[in-house]
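Got your viewer open and a selection box ready? Here's a walk through the model, one selection at a time.

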Amino acid sequence: MSKGLLLVVSAPSAGGKGTILKEMFQQDEQLRLSVSATTRQPRPGEKHGEHYYFISEEEFQNLVNSGNMLEYAAYVGNSYGTPREPVEKWLAEGLDVVLEIDVQGGAQVKKLMPDCVSVFIVPPSMTVLEKRLRDRGTEDESTVRKRLETARQELSHAEDYDYIVVNDRLEDAVEDMLAILRSEKRKYARNPGVIQKVLEQ
Ligand code: 5GP
């Protein structure tokens, strides 16, 4: 069985990646989402084990120290990390895996697993981003400001990614993401056995 594809997706906070990914998961049943661990407090409606594993700083450090985090980073005062085991298991089963992580984590994964495909989702403008962040209404003013400042810094890393997708219209962004996934999967490097199969038949 060929190994699945690892898709690293980064976007500034409130950049709309959650909605895009939700659509992608509805349209591609081979796709799995890695559920991250975080020390941040849950937002209303967020469920433990579904949106994140909400854990204490001590539990987080234990996971890091025991080598159970594929990558991890601090973001606006909290820790976030990707539990290693489910990702490795799905990839070995030939399933494609999405990591929804920040730019620091993205850089770590690219080093560790150079075969991964990275996509940066950008908002059409900072004005739209600010509006989305405020409309969400889940953060206080100082956090909104910090997240906007972080977004500016993150955007300066967007060009390190393999692809940039502009999230203007949702349907277009989803289509772009699925097209990237399909074209990357078609590449020879992802199908090392393909020539052998042609020769054998
Ligand atoms: P939020 O608090 O808005 O859910 O996430 C804040 C930032 O942390 C987002 O950029 C999100 O992509 C990132 N993030 C979420 N999970 C992880 C993770 O496991 N590792 C890293 N490095 N970043 C993460």
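Start with helix 3, residues 84-92: Glu88 and Arg84 both sit there, four residues apart, or about one turn of the helix. As background, an α-helix has 3.6 residues a turn, so residues three or four places apart point the same way. Show the two side chains and you'll find Glu88 and Arg84 meeting in a salt bridge, 3.4 Å from N to O. Keep in mind as you go that this is a predicted model. Glu88 counts as partly exposed because its relative accessibility is 37%, and Arg84 also gets the partly exposed label, at 26%.

**Next: Lys110 and Asp162.** Select this pair for another salt bridge, with the closest N and O atoms 2.7 Å apart. Here the partners come from distant parts of the chain: Lys110 belongs to helix 4, Asp162 to the loop between helix 6 and strand 9 (163-166), and 52 residues separate them. Buried or exposed, or something in between, for Lys110? Lys110 has 26% relative accessibility, so it counts as partly exposed. Asp162 is partly exposed too, with a relative accessible area of 40%.

**Stay on helix 4.** Select residues 103-112 and colour Val103, Gly105, Gly106 and Val109, which are buried. Now look down the axis of helix 4: the buried residues fall within an arc of 150 degrees, so they line one face of the helix. What covers those buried residues of helix 4? Bring up strand 1, strand 5 (69-75), strand 7 (96-100), strand 8 and helix 6 (141-155), which are among the covering elements.

**Then Arg43 and Glu139.** These two form a salt bridge as well, and the closest N and O atoms are 2.9 Å apart. Arg43 is in the loop between strand 3 (37-38) and strand 4 (53-54), while Glu139 is in the loop between helix 5 (126-136) and helix 6, so the pair ties together parts that lie 96 residues apart in sequence. Check the burial of both ends: Arg43 is buried, and Glu139 is buried too. Now widen the selection to Arg40, Arg43, Glu46, Arg136, Glu139 and Arg147, and you have a network linked by salt bridges. If you want to hunt for others, a search of the whole structure turns up 18 salt bridges.

**Into the nonpolar interior.** In soluble globular proteins, nonpolar side chains tend to be buried together. The largest nonpolar core in this model has 19 residues, and Leu7, Val9, Ile20, Met24 and Met177 have the most contacts inside it. Strand 1 (6-10), helix 1 (17-27), strand 8 (117-122) and helix 7 (170-186) are the elements that each give two or more residues to this core. Which of them gives the largest share? Helix 7 does, with six residues.

Centre on Leu7 and pull up its contacts: setting aside neighbours within four places in sequence, Leu7 touches Met24, Val97, Val98, Leu99, Val117, Val119 and Leu181. Another core lies apart from the one you just toured, with 18 residues that include Leu99, Ile101, Phe120 and Ala158.

**Last stop: the surface.** Select Val194, Ile195 and Leu199, which form a nonpolar surface patch with about 280 Å² of accessible area together. Val194 lies in helix 8, residues 194-200. Val194 counts as partly exposed because its relative accessibility is 35%.

Terms used: Residues numbered from 1 in each chain as written. Predicted model: local features only at pLDDT ≥ 70, side-chain atom pairs only at ≥ 80, totals over all residues. Heavy atoms only, no water. Patch = residues over 30% accessible without salt bridge, like charges linked within 9 Å, V, L, I, M, F, W, Y side chains within 5 Å. Areas by Shrake-Rupley, 256 points an atom, 1.4 Å probe, with all protein chains shown as cover. Salt bridge = Lys/Arg side-chain N within 4 Å of Asp/Glu carboxyl O. Buried < 20%, exposed > 50% of the residue type's maximum accessible area, 1.4 Å probe, protein only. Core = buried A, V, L, I, M, F, W, Y, C linked by side-chain atoms within 4.5 Å. Contact = heavy atoms within 4.5 Å. Arc of directions from axis to C-beta.
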